[in-house]
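Here are my notes on the model, as numbered points. Please read them with the structure open.

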There are 2 protein chains.
Amino acid sequence: MKEVAVIGVGQTRFGKRRDASLSELAVDALKEAFEDSKIDKKEVKFLSVGNFGLSSEDVSPASIVAEQAGIHGAMLMRCEAACASGSAAFYVAWMAVSSGMFDIAVALGVEKMTEVETPTMIEILGRAGSYFWEFHGFGVTFPAYYALYATAHMNKFGTTEEDLALVAVKNHKYGARNPKAHFQNEITVEEVLSSRTIAWPLKLYDCCPISDGAAAVVLASKEKVKEMGVDTPVWIKGIGVSSDTSTMGNRSDFLGLRASREAAQLAYKMAKVDAKEIEVAEVHDCFTIAEIIAYEDLGFCKKGEGAKLIREGETEIGGKIPVNIDGGLKAKGHPLGATGVSMIAELTKQLREEVEPSRQAPLNKYLALAHNVGGTGQYCYVTVLGR
Amino acid sequence: MKEVAVIGVGQTRFGKRRDASLSELAVDALKEAFEDSKIDKKEVKFLSVGNFGLSSEDVSPASIVAEQAGIHGAMLMRCEAACASGSAAFYVAWMAVSSGMFDIAVALGVEKMTEVETPTMIEILGRAGSYFWEFHGFGVTFPAYYALYATAHMNKFGTTEEDLALVAVKNHKYGARNPKAHFQNEITVEEVLSSRTIAWPLKLYDCCPISDGAAAVVLASKEKVKEMGVDTPVWIKGIGVSSDTSTMGNRSDFLGLRASREAAQLAYKMAKVDAKEIEVAEVHDCFTIAEIIAYEDLGFCKKGEGAKLIREGETEIGGKIPVNIDGGLKAKGHPLGATGVSMIAELTKQLREEVEPSRQAPLNKYLALAHNVGGTGQYCYVTVLGR
């Protein structure tokens, strides 16, 4: 397999983007990524598009986006793995280069969610779990799915509602420093706890918002990196992917995500890296509890000690392992298909030490990790990046 | 890049499958492919699912299908490239093995279309072109898009309505010999010509049906093929993919598909094969005109001579190059996501000389070609297979 590097990234502002269509968001992100990587759009012969899709009228967006972006005659496809659709597109683009078939590949993630009324969107999202059985049969929506994880964790490990709130407070703190975040305001524990209950113990401020946005990354082979004289390539050192049952009732417990643990182990093994060596991470915090169980599943702490990590400030800048210091899904926003690609874009900038100084992670080994979950844990992608 | 072989295939009967859900169709195809390849489902760590999706309530089918099929902890994703979604899934599975990341990969294609009312389905399909401009703006449905190709071809090359009808007659003739085809009845030129006009010059019998169905193929690396002692591996000798604008109005002419020509050239080059050497082909005959222009775009004849080829019987068994001798999209049916995978499944059986004797192509060089188009020609995948 060929070594593959990220040589350019782009991302739009996430949020309610009534000012831009799906393809306009996509083109903005692609343009930024092309400028950043100094490639010409004519060189792009592979474009994968992460997009969940049901909230947009562009039902086959890959060719529409390519046309608008001026990409001609390329391999085009949309990749879908629920909320991990962006990572699926990234994985496919990585294979396109690692296989030796393409020397440059572009992964785009894009989602336009806010044109659909919120109750309809909640209905659409609920289908990304076990549709016929758990959603249609029992009416379990996404906050309710994650509430099951939260109550199991609280019951077994003594995690509290305050612990969950601390995740939201941290992620808003960093979102406030990220001009591309959906929410750029700080919040307090009291505000989280007093926000209205969505699915107990999850309150409104425990949930990520519904956002529009796009992100893009340009990948290149080692030979291409040399040929182009890329200043600061960020290497894909390890990549792991696993899955679990669509039906949550068929899983052994709700204390963590098996797919996350397996994907992380595969990525660490491939990168020959230990969890302790990671210096900055993007994890899938669709709900606050998801970030706490991610700490555990990814090996940033022992099982059951996730709440301790957030309580002790270890996942802030200055702590052991800064997590979601771009705001995370919680504050940066979660335009489904864009999220996985945006994580890679953010970590690339972190490793190049190019983010706003107030949210730059201190680096020594220059190792970063992205963790993107699809659905209720049925898809998981973990990527280890390094310089 | 590693050499990759098809080591097992499966396909359900195509048609109005009110007896089976999307995942039941998928599991049937997968089971057949696993038995054919003699692999255990536990060995499957990569599954790509070709599925367009808007006609089914399973919005994220990859994990649902994997769970039902007993596949655990695999890389899962759905691939979408409109009517070429199955080929997108096949391409990704090929990359998974050719990159060296997986020694076995499975591509599944599945679509459940008949649960949606036909007018709604026509509306959904129309969106796979240029939605905002040509579909929404001018109301161009899929038969109307392809009628533009037909009238251009008739005007420039003198192709007639009878020529188009001959394609339908040929494909029904072979569909009648294929127990898995949606339509298993022969038809006459008169029946085609007197069927009701959908979008002139295309009549009802010039159009492929709306079908349910699934197909699956198991791919393996050369090392795995050796290790398993596979009797008759079918090698992926060449694979090409290209694309064109989503907006038909932005193309230079309607006489053929640029994406088909480019994808074919890439596949021939990689396989080091000339068009004349191909002994059996599956081409994308969503409408009869599409098969005629495919002959030309794939180099089976010169530009403008497609109608001559069908008139002279050269694309029947016994002719120069038998095409769609499983019934094609026209008679076998076109469950969108399943089609591309079904083409590979059919050609694998042809190359193994395992189809019904009445529709087996005579083989000498053992070279076959699959051609799958997405949308109005904005995606195209061409694969050259050989023994």
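**Notes on strands, helices and the chain contact**

1. Start with the hairpin in chain B. β10(B) and β11(B) form it, with 4 residues between the two strands. Gly375(B) sits in the turn and has a positive phi of about 65°. Bear in mind throughout that this is a predicted model.

2. The pairing within that hairpin is antiparallel, and 8 bridges join β10(B) to β11(B), residues 379-386 of chain B. Take Ala370(B) as a reference point: its bridge partner in β11(B) is Thr383(B).

3. β10(B) also pairs with β9(B), residues 280-282. Here the strands run parallel, and 3 bridges join them. Ala370(B) is again a useful marker, as Glu282(B) stands opposite this residue.

4. Is β10(B) mostly covered or mostly open? Mostly covered: the strand spans residues 367-374, and 8 of its 8 residues are buried. Neither face is left out. On one side, Leu367(B), Leu369(B), His371(B) and Val373(B) are buried. On the other, Ala368(B), Ala370(B), Asn372(B) and Gly374(B) are buried too.

5. Now chain A. Helix α3(A), residues 85-98, meets helix α14(A), residues 336-351. Their axes come within 5 Å and cross at roughly 55°. That angle falls between the roughly parallel limit of 35 degrees and the roughly perpendicular range starting at 65, so α3(A) and α14(A) are oblique to each other.

6. Which residues make that helix contact? From α3(A) come Ser85(A), Gly86(A), Ser87(A), Ala89(A) and Phe90(A). The α14(A) side includes Leu336(A), Gly337(A), Val341(A) and Ile344(A). By class, the contact residues of the two helices divide into 6 nonpolar, 7 polar and no charged.

7. Next, the contact between the chains. It involves 43 residues of chain B and 43 residues of chain A. On the chain B side, the elements giving two or more residues are α2 (61-69), β3 (75-80), α3 (85-98) and β8 (234-243). Of these, β3(B) gives the most, with 6 residues.

8. What is the makeup of the side of chain B that touches chain A? This side has 22 nonpolar, 14 polar and 7 charged residues.

9. Strand pairing crosses the chain boundary. β3(A), residues 75-80, and β3(B) pair in the antiparallel sense over 3 bridges. One position to inspect is Arg78(A), whose bridge partner in β3(B) is Glu80(B). β3(B) is therefore worth viewing twice, as the element that gives the most to this side of chain B and as the partner of β3(A).

How values were computed: Residues numbered from 1 in each chain as written. Chains lettered and ligands numbered in written order. Predicted model: local features only at pLDDT ≥ 70, side-chain atom pairs only at ≥ 80, totals over all residues. Buried ≥ 20, exposed ≤ 12 C-beta atoms within 10 Å, placed from the backbone. Pairing = 2+ DSSP bridges. Axes fitted to C-alpha atoms, helices over the stretch in contact; angles between N-to-C directions. Parallel < 35°, antiparallel > 145°, perpendicular 65-115°, else oblique. Contact = placed C-beta atoms within 7 Å. Nonpolar A, V, L, I, M, F, W, Y, C, P; charged D, E, K, R; others polar.
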